[in-house]
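The exercises that follow are meant to be worked through with the sequence and the coordinates at hand. Each task is followed by a solution that proceeds step by step.

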Amino acid sequence: MSARLASGVWVSAYLTRLRLADIPAYVTAKGDPTAGAVVVKVALLDGTARAYERRSDLMTGARAWIVLAEGPEAEVDALVARTKGRDPDLWVIELEDRQGRTLLDEDGLSD
């Protein structure tokens, strides 16, 4: 098993990468700085959105970003709010990008 960055460090690095790519991003819920999970929501600015969360494969330990929800932005927001209600340590990062770019598939962010 490889060492993992503290959540607060990962979020800070992610926000920097987004800023360099000119993708507006906001931390709407600050979670545990050491081990909080992260949800990334991207508003497509057409009334729809997608939310992603990182999950681990129990057999291999590999981690990957998966779609948690997608559809009307209000429905995605409601699901993210319910998720935050169950996990007070959760970080929520919201992006605004018509193309739906998240950069989560890039090196250093994808795993």
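**Exercise 1. State how many residues the largest nonpolar core has and which of them have the most contacts inside it.**

Solution. The largest nonpolar core has 17 residues, and W10, Y14, V38 and L95 are those with the most contacts inside it. Such a core is a set of buried Ala, Val, Leu, Ile, Met, Phe, Trp, Tyr and Cys residues joined through side-chain atoms within 4.5 Å, where buried means under 20% relative accessible area with a 1.4 Å probe and protein chains only. As to its origin, α1, β2 and β5 each supply at least two residues, and the largest share, four residues, comes from α1. Helices (H or I, at least four residues) and strands (E, at least two) are DSSP runs numbered from the N terminus. A second, separate core of nine residues includes A49, A69, V80 and V92.

The model is predicted, so that local features need pLDDT of at least 70 and side-chain atom pairs count only at pLDDT 80 or more, while totals for chains, interfaces and linings use all residues. Residues are numbered from 1 along each chain as its sequence is written, and side-chain values use heavy atoms, with hydrogens and water left out.

**Exercise 2. Describe the surroundings of W10, beginning with its contacts outside its neighbours within four places in sequence.**

Solution. With those neighbours set aside, W10 is in contact (heavy atoms within 4.5 Å) with L5, V38, R54, W65, I93, L104, G108 and L109. Because its relative accessibility is 5%, W10 counts as buried; Y14, at 0%, is buried as well. Both residues lie in helix α1, four residues apart, about one turn of the helix. Their rings form a stacked aromatic pair, 4.8 Å centre to centre with 25° between the planes; rings of Phe, Tyr and Trp (its six-membered ring) pair if their centres lie within 6.5 Å, and planes under 30 degrees apart count as stacked, over 60 as edge-to-face and the rest as tilted. W10, Y14 and W65 form one aromatic cluster. Finally, R54 lies over the face of W10, at 5.0 Å from the ring centre, the criterion being NZ of Lys or CZ of Arg within 6 Å of that centre and within 35 degrees of the ring normal.

**Exercise 3. Give the order of the strands in the sheet.**

Solution. Five strands form an open sheet with mixed pairing, in the order β1-β5-β2-β3-β4; two strands pair if DSSP finds at least two bridges between them. Since β1 (25–29) and β4 (63–72) stand at the edges with a single partner strand each, one side of each is left without a neighbour in the sheet.

Methods:
Buried means under 20% relative accessible area, exposed over 50%, partly exposed in between (1.4 Å probe, protein chains only).
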